[in-house]
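Subject: Structure handover and findings

Hello,

Here is the structure for your files. My notes follow below it.

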Amino acid sequence: MTYSVDPGAPDDSYLSFWRERHLCTLTTPRPDGSPHVVPVGVTYDPEAGLARVIANKASTKVSNVLAAGPEGARVAVCQVDGRRWATLEGRAYVRTEPERIAEAERRYAGRYERTPSPNPARVVIEIELERAMGRG
């Protein structure tokens, strides 16, 4: 059985699952290649082909993405709720532009029903989506 999903054109149940309030995980590669997995909030924007994670610029996840260099880090974000699960994969880049951070905060507030507290050290990890899978 295949669980492949088009990340730019998910079906309604898959997209609906990504709009529900769920804690997710982000897996980034450490410089030694081993996986670093941490809990995060994720927003999914299929129209833009992006998943977004707000983060502190001093965090390990941000350091791991930056260590991958200009070609970006191959990462995955995942969420699970009982038998439902969804994973988004792609190349991650750290963005510092105020308008990109504001958009990520706006989307986070919409999904998680709370406005992130102000953080002058905030950046956004944007994941340019290449693959999606799951059972929404």
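What share of the 136 residues of the chain count as buried? The figure is 45%. Please keep in mind that this is a predicted model.

**Overall build**

The chain holds three helices and eight strands. Their order along the sequence is β-α-β-β-β-β-α-β-β-α-β. The radius of gyration is 14 Å, close to the 14 Å that the globule rule gives for 136 residues, so the chain is as compact as a globular protein of that length. Along the principal axes, the C-alpha atoms fill a box of roughly 40 × 35 × 25 Å. Take the contacts in the chain with a separation of 6 or more: 71% of them come from residues 24 or more positions apart.

**Helices**

Helix α1 spans residues 12-19, and its buried residues are Tyr14, Leu15, Phe17 and Trp18. They sit on the same side of α1, because they cover an arc of only 155 degrees around the axis. Asp12 and Arg19 are exposed, on the face of α1 turned away from the buried side.

Helix α2 covers residues 60-67 and includes asparagine 64. Is asparagine 64 buried or exposed? Asparagine 64 is buried, at a relative accessible area of 5%. What does asparagine 64 contact, leaving aside its neighbours within four places in sequence? The partners are Thr28, Pro29, Arg30, Pro31, His36 and Ala73.

**Strand pairing**

Strand β6 (residues 73-81) has pairings with β2 and with β7. Strand β2, residues 24-29, runs antiparallel to β6 and is joined to it by three bridges. Threonine 27 has alanine 76 in β6 as its bridge partner.

How many bridges pair β6 with strand β7 (residues 84-95)? There are nine, and the pairing is antiparallel. Within it, cysteine 78 stands opposite threonine 87 in β7. β6 and β7 make a hairpin, with two residues between them. Glycine 82 sits in that turn, with a positive phi of about 65 degrees.

**Cysteines**

How many disulfides does a search of the whole structure find? Zero. For cysteine 24, the nearest cysteine sulfur is that of cysteine 78, 7.9 Å away. A disulfide needs the two sulfur atoms within 2.5 Å, so cysteine 24 is in no disulfide. Cysteine 78 is likewise in no disulfide, its nearest cysteine sulfur being that of cysteine 24. Their surroundings are as follows. Cysteine 24 is buried, at 1% relative accessibility. Cysteine 78 is partly exposed, at 22%.

**Salt bridges**

Side chains of opposite charge can pair when their charged atoms come close. The count here is 13 salt bridges. Several are worth looking up in the viewer.

- Aspartate 81 with arginine 84: the closest N and O atoms are 2.6 Å apart. Aspartate 81 is partly exposed at 33% relative accessibility, and arginine 84 is partly exposed at 24%.
- Glutamate 89 with arginine 131: the closest N and O atoms are 3.3 Å apart. Glutamate 89 is in strand β7 and arginine 131 is in strand β8 (residues 122-135), so this pair ties together parts that are 42 residues apart in sequence. Glutamate 89 is buried at 15% relative accessibility, whereas arginine 131 is partly exposed at 44%.
- Glutamate 97 with arginine 100: the side chains meet at 3.6 Å, N to O. Glutamate 97 is partly exposed, with a relative accessible area of 30%. Arginine 100 also counts as partly exposed, at 30% relative accessibility.

Which residues are linked in a network of salt bridges? The members are Asp45, Arg52, Glu103, Arg106 and Arg107.

**Where to start**

Try the β6 and β7 hairpin, with glycine 82 in its turn. Then go to glutamate 89 and arginine 131, the salt bridge between β7 and β8. Finish with cysteine 24 and cysteine 78, whose sulfurs are 7.9 Å apart.

Best wishes

Note on methods
Residues are numbered from 1 along each chain as its sequence is written. This is a predicted model: local features need pLDDT of at least 70, side-chain atom pairs count only at pLDDT 80 or more; totals for chains, interfaces and linings use all residues. Side-chain values use heavy atoms; hydrogens and water are left out. Buried means under 20% relative accessible area, exposed over 50%, partly exposed in between (1.4 Å probe, protein chains only). Helices (H or I, at least four residues) and strands (E, at least two) are DSSP runs, numbered from the N terminus. Contact means heavy atoms within 4.5 Å. The arc is that of the directions from the helix axis to the C-beta atoms. Two strands pair if DSSP finds at least two bridges between them. A salt bridge is a side-chain nitrogen of Lys or Arg within 4 Å of a carboxyl oxygen of Asp or Glu. The radius of gyration is taken over C-alpha atoms; the globule rule is 2.2 Å times the number of residues to the power 0.38.
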